[in-house]
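Good morning, and thank you for the time. I should like to take you through a few regions of the protein on the screen, one after another.

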Amino acid sequence: MAFDGITVAGMTKELKDTLEGGRISKIAQPETDELLLTVKTPDGQKRLCISASASLPLIYLTSGNKPSPMTAPNFCMLLRKHISNGRIVSVNQPGLERIIRLEIEHLDELGDLCRKTLVVEIMGKHSNIIFCAEDGTILDSIKHVSAQMSSVREVLPGRPYFIPDTQKKLDPLNVQEEDFALELAAHPMPLGKALYSSFTGISPVAAEEVCWLAGLDSGISPKELSPDLLSHLYRQFCYYLEPVKKGEFSPAIYYDGEKPKEFSVLPLSHYGNCRREECSSVSDMLYTFYASRDAQTRIRQKSTDLRHVVQTALERNRKKYDLQHRQLSDTRNREKFKVYGELLHTYGYSLEEGAKKLDALNYYTNEMVTIPLDPQKTAMENAASYFEKYNKQKRTFEALSVHIQETRNEIDYLESVSRSLDMARTEADLAQIKEELIQSGYIRRKASKKKEKLTSRPLHYLSSDGFHMYVGKNNLQNEELTFHFANGNDWWFHAKGVPGSHVIVRTNGEELPDRAFEEAGRLAAHYSKNGNAEKVEIDYVEKKHVKKPAGSRPGFVVYYTNYSLMIDSDISALTEITDA
């Protein structure tokens with residue numbers, strides 16, 4: 001569900017109950033578009049996370065903390081100057097807009113009591129965090145919007161703050177029945193779309209729920225409704241929004257199987273086929289539904305430069321690989337030239353001077369062949385010419401065969417790095433991948449910059465039988481796991497013939513049960529290039545049989561004796577352990 005006005009109303013009520021009267025003790029800006037406020041309240045310390053990310057704007061209470069940059073951004077410094085130790089006197093939402101206003105009382109430099117407003121706009125790619133003076137003048141914002149960027153409203157220091165009314169929607173909490181009917185009639189479109197196009201803060205899911213409650217098809221036109229049906233729809237509309245007016249919310253997530261499909265702060269009757277799980281708070285609901293996705297989104301954004309390096313190198317090597325194969329195909333006739341030369345040595349004595357061809361029996365196949373000749377040359381000179389062609393193409397074939405294998409190895413390596421970027425969960429993971437690319441020569445280390453201390457760790461799982469299993473998230477971790485962490489009798493798993501993670505199962509000298517082999521195989525399948533395949537072939541062997549060729553890339557290994565299994569990539573039954 002979109003972060004609509006109804007969800008914002010639920011969040012506003014939660015913040016009002018939790019933060020009003022609290023004092024802001026810390027202000028941090030861990031991301032360019034995100035704030036983290038620490039508020040001391042009578043019930044203890046609370047943290048409020050506010051994100052104006054264009055891809056995933058959020059506001060919720062959290063118990064977690066985030067590392068901040070060494071030098072605070074200007075917007076963060078301005079907030080610290082004005083509202084550090086300020087008291088939150090009110091939290092409110094104008095109408096059903098996707099806006100939350102935090103009114104903050106503080107002392108200025110002269111000790112006089114002042115008020116400032118922190119305005120949080122949750123509006124998709126237009127989301128923003130705006131800091132305003134008491135008279136509504138914008139002091140600053142986390143995103144500046146100039147006249148060149150928007151013809152509707154400038155968001156710059158010194159400009160007046162206002163809510164742009166570009167869509168002329170009505171307030172659904174105060175609309176009268178007559179205006180309700182007239183507004184719907186003015187929208188010649190399906191009923192569901194007419195509802196969310198006519199009223200502020202109503203999302204398509206909320207509009208669908210109103211139609212469901214009224215027993216009406218959301219696809220019909222409002223003009224097809226009789227006055228009685230319009231009146232019935234209005235009553236259901238008001239009934240649905242009554243909890244919003246009373247501040248009574250029941251946050252829940254709706255699951256389609258194991259996958260979260262929707263969330264809402266009001267019941268969704270039309271999701272009757274989905275499993276409904278209630279949440280303790282709106283923040284808990286949003287964190288469960290969005291937070292992990294938000295973390296992955298940010299990591300993906302931060303990995304953009306690394307992805308560009310890897311993708312550029314991959315495209316270059318793939319083009320090189322295709323060109324080498326085309327060049328190799330040009331050498332496919334080399335054996336024929338050798339045979340022609342030998343046949344000319346055997347039968348050339350019978351050639352007449354100036355002959356343009358020789359018909360001879362190929363004693364290798366017992367078939368007659370016609371050998372084209374240069375009439376200006378003798379039989380022996382033509383034979384020498386064919387032998388020269390053969391030797392040249394033979395040398396080309398041998399050299400290209402080596403180069404093609406080297407290029408193939410480089411493509412496999414880069415695909416493994418690309419896979420590592422997909423698996424990255426933290427900035428420490430990205431730092432390790434960057435270090436690997438530096439060591440491999442794809443990125444130049446800055447002369448003034450010291451080598452970073454790498455703190456990223458492998459994934460850690462516990463098997464159903466209590467065995468610890470470790471998964472490398474990148475090639476450096478694969479190397480560390482296999483050759484420095486694992487013991488000789490531990491078991492090593494890897495997807496056959498494709499880039500993927502090394503999986504190590506610690507045996508502690510015990511014999512592994514069949515189920516542990518299967519679960520480790522599933523991990524190797526899941527964290528491989530073929531992770532989406534129905535079945536993946538997995539090689540597994542005791543670690544002592546795994547060797548690293550001298551001078552090879554990180555994570556590259558060889559083994560000459562192994563077992564194999566075909567397994568799916570479902571790891572839902574495994575328990576992941578978060579190492580401290």
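**Strands, a buried threonine and a helix pair**

Let me begin with strand β2, residues 34-41, which is mostly covered: seven of its eight residues are buried. Please bear in mind throughout that this is a predicted model.

Strand β2 has partners to consider. One is strand β1, residues 23-31, which runs antiparallel to β2 and is joined to it by six bridges. Within that pairing, Lys 26 has Thr 38 of β2 as its bridge partner. The connection between β1 and β2 is a hairpin, with two residues between the strands.

Strand β3, residues 44-51, also pairs with β2 in the antiparallel sense, here over eight bridges. If you wish to find the register on your screen, look for Leu 35, which stands opposite Ile 50 in β3. Again the link is a hairpin, and β2 passes to β3 through two residues.

I turn now to another sheet. This one is open, has three strands in the order β11-β10-β12, and its pairing is antiparallel. Strands β11 (259-264) and β12 (275-278) stand at the edges with a single partner strand each, so each has one side without a neighbour in the sheet. From one strand to the next, the twist averages 30 degrees. Strand β10, residues 252-256, is joined to the antiparallel β12 by four bridges. As a landmark there, Ala 252 has Glu 278 in β12 as its bridge partner.

Next, the helices. Thr 407 lies in helix α10, which covers residues 379-423. Is Thr 407 buried or exposed? Its relative accessible area is 2%; the cut-off for buried is under 20%, and Thr 407 is therefore buried. What does the side chain of Thr 407 contact? It makes a polar contact, at 2.9 Å, with the side chain of Gln 324. Leaving aside residues up to four places away in sequence, Thr 407 touches Asn 317, Lys 320, Tyr 321 and Gln 324.

Finally, helix α10 packs against helix α11, residues 427-439, at an angle of about 165 degrees, and their axes are 10 Å apart. Angles over 145 degrees count as roughly antiparallel, so α10 is roughly antiparallel to α11. The crossing of α10 past α11 is left-handed. On the α10 side, Tyr 413, Val 417, Ser 420 and Leu 421 take part, and they meet Leu 430, Ile 433, Glu 436 and Leu 437 in α11.

Thank you; I welcome your comments.

How values were computed:
Residues numbered from 1 in each chain as written. Predicted model: local features only at pLDDT ≥ 70, side-chain atom pairs only at ≥ 80, totals over all residues. Heavy atoms only, no water. Buried < 20%, exposed > 50% of the residue type's maximum accessible area, 1.4 Å probe, protein only. Pairing = 2+ DSSP bridges. Polar contact = N/O pair within 3.5 Å; in protein donor to acceptor, adjacent residues only side chain to side chain. Contact = heavy atoms within 4.5 Å. Axes fitted to C-alpha atoms, helices over the stretch in contact; angles between N-to-C directions. Parallel < 35°, antiparallel > 145°, perpendicular 65-115°, else oblique. Left-handed = near helix turned anticlockwise from the far one by under 90°.
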